[in-house]
Amino acid sequence: IWNQSSGINAEYGGYQQPYNPNTYQQPAPEPVQPVAVEKPPVPEQYGAMLSTLDGAVNACRNATQNNTHKRKLDEVSLKLEALKDKLRYDCVSGTVVNDLNGIAGALSVNDYNQALMIHSRIAQTANF
């Protein structure tokens with residue numbers, strides 16, 4: 001039904017075929033490679049606190065087989081990285097740092113109730 005020489009399709013009443021946008025696709029652009037940004041180290045005064053918090057997350061991760069818990073712990077790890085960024089650039093108040101040190105201290109002696117109380121206080125009063 002297609003007439004090669006005239007480019008007319010008799011099936012469409014003598015007109016050319018309708019425009020099909022999928023026929024004329026442009027090539028996909030080259031993907032942009034992300035540039036690795038070197039972050040400065042977290043100041044030393046936060047090392048013990050962050051080590052304790054990271055250790056608690058890792059201990060929880062090793063203690064569970066539940067996939068939901070593992071996903072939540074992955075989220076916690078991302079939030080710890082965000083906290084480290086804020087500590088790197090001195091964006092955390094002294095009060096919050098003291099409370100975080102309190103949480104780390106409570107975790108290091110397995111006083112989870114105390115750690116939870118301090119966490120609740122930070123969540124209610126701190127402005128990150």
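## Starting in a loop: threonine 64

Threonine 64 sits in the loop that links α1 to α2. This is a predicted model, so treat what follows as a reading of that prediction. Is threonine 64 buried or exposed? With a relative accessible area of 11%, threonine 64 is buried, because the cut-off for that label is under 20%.

What does threonine 64 touch, once neighbours within four places in sequence are set aside? His69, Lys70 and Leu73 are its contacts. There is also a polar link close by in the chain: a polar atom of the threonine 64 side chain lies 3.0 Å from the backbone nitrogen of asparagine 66. Asparagine 66, in turn, caps the N-terminal end of α2, with a side-chain oxygen 2.7 Å from the backbone nitrogen of threonine 68.

## The overall layout

Stepping back, the chain has four helices and two strands. Read from the N terminus, the order is β-β-α-α-α-α. Of the 128 residues in the chain, 20% are buried. The accessible surface comes to about 10100 Å², and carbon and sulfur atoms own 53% of that.

As for contacts with a separation of 6 or more, 46% of them join residues 24 or more positions apart. One pair that is distant in sequence is alanine 56 and alanine 104: they are 48 residues apart along the chain, with their C-alpha atoms 9.0 Å apart in space. Alanine 56 belongs to helix α1 and is partly exposed, at 25% relative accessible area.

## Helix α1

Helix α1 covers residues 47–63, which makes 17 residues. At 1.5 Å a residue it should span 24 Å, and its end C-alpha atoms are indeed 24 Å apart, so expectation and model agree.

The buried residues here are Met49, Leu50, Leu53 and Val57. Looking down the axis of α1, you find its buried residues within an arc of 100°, so they line one face of the helix. Their packing partners are α2 (67–88) and α3 (94–108). Turn to the other side of α1 and you meet Ala48, Asn62 and Ala63, which are exposed.

## Helix α2

The same length check works for α2: its 22 residues should span 32 Å at 1.5 Å a residue, and the end C-alpha atoms are 31 Å apart, which agrees. Buried in α2 are Leu73, Leu80, Leu83, Lys84, Leu87 and Arg88. They fall within an arc of 130° seen down the axis of α2, so these residues, too, line one face of their helix. That buried set packs against α1 and α3, while Asn67, Lys72, Leu78 and Lys79 are exposed on the other side.

Lysine 84 deserves a look of its own. It lies in helix α2 and, at 12% relative accessibility, counts as buried. Beyond its neighbours within four places in sequence, lysine 84 is in contact with Val42, Leu50 and Asp54.

## The nonpolar core

Nonpolar side chains in soluble globular proteins tend to be buried together. In this chain, the largest nonpolar core has 20 residues, and those with the most contacts inside it are Met49, Leu53, Leu83, Leu87, Leu100 and Ile103. Helices α1, α2, α3 and α4 (112–125) each put in at least two residues. Which helix gives the most to this core? That is α3, with seven residues.

Leucine 87 gives a feel for the packing. Not counting residues up to four places away in sequence, leucine 87 touches Val42, Pro43, Tyr46, Met49, Leu50, Val92 and Val97.

## Two loops with a positive phi

Most residues other than glycine have a negative phi. Which way does aspartate 90 go? Its phi is near 55°, a positive value in a residue that is not glycine. Aspartate 90 comes just after α2, in the loop between α2 and α3, and is exposed at 61% relative accessible area.

Asparagine 110 is another case: not a glycine, yet with a positive phi of about 60°. Its place is the loop between α3 and α4. With a relative accessibility of 52%, asparagine 110 counts as exposed, because the label calls for over 50%.

Technical notes. Residues numbered from 1 in each chain as written. Predicted model: local features only at pLDDT ≥ 70, side-chain atom pairs only at ≥ 80, totals over all residues. Heavy atoms only, no water. Expected span 1.5 Å × (residues − 1). Buried < 20%, exposed > 50% of the residue type's maximum accessible area, 1.4 Å probe, protein only. Arc of directions from axis to C-beta. Contact = heavy atoms within 4.5 Å. Areas by Shrake-Rupley, 256 points an atom, 1.4 Å probe, with all protein chains shown as cover. Polar contact = N/O pair within 3.5 Å; in protein donor to acceptor, adjacent residues only side chain to side chain. Core = buried A, V, L, I, M, F, W, Y, C linked by side-chain atoms within 4.5 Å.
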